[in-house]
Amino acid sequence: MPASVQAENLLEVYQQARENDPVYLAGFHDHEASKEVYDQALALLLPNIKFDISHTERSQDIVSSENPVFGSGSTSYPIDEYSLSITQSVYSFANWAGFKKSKEDVNVSLPNWRMFVRIW
């Protein structure tokens, strides 16, 4: 008889079986995926904000000029550009239809997954 026999309680065996059950895991991941699709569909309905910054250093050599301030020599100066744009579609049937479908998919997948969890 082996000297070290490890006994496991029924709850540990049940949890291990549930964690390794492919049907349970498929239901869980299906529900998680439907939540992600919902978030992506919702994002299409929200405004998009874009902010761009550009910094350029300009230098030039002035050989001759009619301007008395810059008659000759060299000069350099920075060019900074900032751009902010906010866009949102007024109405997109495809975006709203996709959002509605993803909402229904989440509402269908959650009860199905919960029912499976209760059976388990």
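1. Let's begin with the aromatic rings. In this predicted model, a search of the whole structure turns up 2 aromatic pairs. One of them joins Y38 and F99 in a tilted arrangement, with ring centres 5.3 Å apart and 35° between the planes. Y38 belongs to helix α2 (residues 22-43) and F99 to helix α3 (residues 93-119), so this pair ties together parts of the chain that are 61 residues apart in sequence.

2. It is worth looking at how far each partner is covered. F99 is buried, because its relative accessible area of 11% falls under the 20% cut-off. Y38, at a relative accessible area of 26%, is partly exposed.

3. F99 also has a partner within its own helix. With W96 it forms an edge-to-face pair, 6.0 Å from centre to centre and with 90° between the planes. The two residues sit 3 apart in helix α3, so about one helical turn separates them. W96 is partly exposed, with a relative accessible area of 42%. Taken together, the ring pairs link Y38, W96 and F99 into a cluster.

4. Now for the overall layout, which should help you find your way around. The chain contains 3 helices and 2 strands. Starting from the N terminus, the order of elements is α-α-β-β-α. When you trace helices α2 and α3, you are following the two elements that the Y38 and F99 pair connects.

5. Next, please turn to the strands and their surface. Which residues form the nonpolar patch on the surface? They are I49, F51, I53, Y82, L84 and I86, and together they have about 740 Å² of accessible area. Both strands take part: β1 (48-62) and β2 (73-87) each supply at least two residues of this patch.

6. I49 makes a good example to inspect within the patch. This residue lies in strand β1. Is I49 buried or exposed? Its relative accessibility is 62%, so I49 counts as exposed, the cut-off for that class being over 50%.

7. Finally, here are some values for the chain as a whole. Of its 120 residues, 12% count as buried, and F99 is one of the buried residues. The accessible surface of the chain comes to about 10,100 Å², with 57% of that area belonging to carbon and sulfur atoms. Looking at contacts between residues at least 6 apart in sequence, 66% join residues at least 24 apart. The pair of Y38 and F99, with its 61 residues of separation, is a handy place to see a link between distant parts of the sequence.

Technical notes
Residues are numbered from 1 along each chain as its sequence is written. This is a predicted model: local features need pLDDT of at least 70, side-chain atom pairs count only at pLDDT 80 or more; totals for chains, interfaces and linings use all residues. Side-chain values use heavy atoms; hydrogens and water are left out. Patches are made of residues with over 30% relative accessible area and no salt bridge: like charges are joined within 9 Å, nonpolar side chains (Val, Leu, Ile, Met, Phe, Trp, Tyr) within 5 Å. Accessible areas come from the Shrake-Rupley method with a 1.4 Å probe; for residues, only the protein chains shown count as cover. A salt bridge is a side-chain nitrogen of Lys or Arg within 4 Å of a carboxyl oxygen of Asp or Glu. Helices (H or I, at least four residues) and strands (E, at least two) are DSSP runs, numbered from the N terminus. Buried means under 20% relative accessible area, exposed over 50%, partly exposed in between (1.4 Å probe, protein chains only). Contact means heavy atoms within 4.5 Å. Rings of Phe, Tyr and Trp (its six-membered ring) pair if their centres lie within 6.5 Å; planes under 30 degrees apart count as stacked, over 60 as edge-to-face and the rest as tilted.
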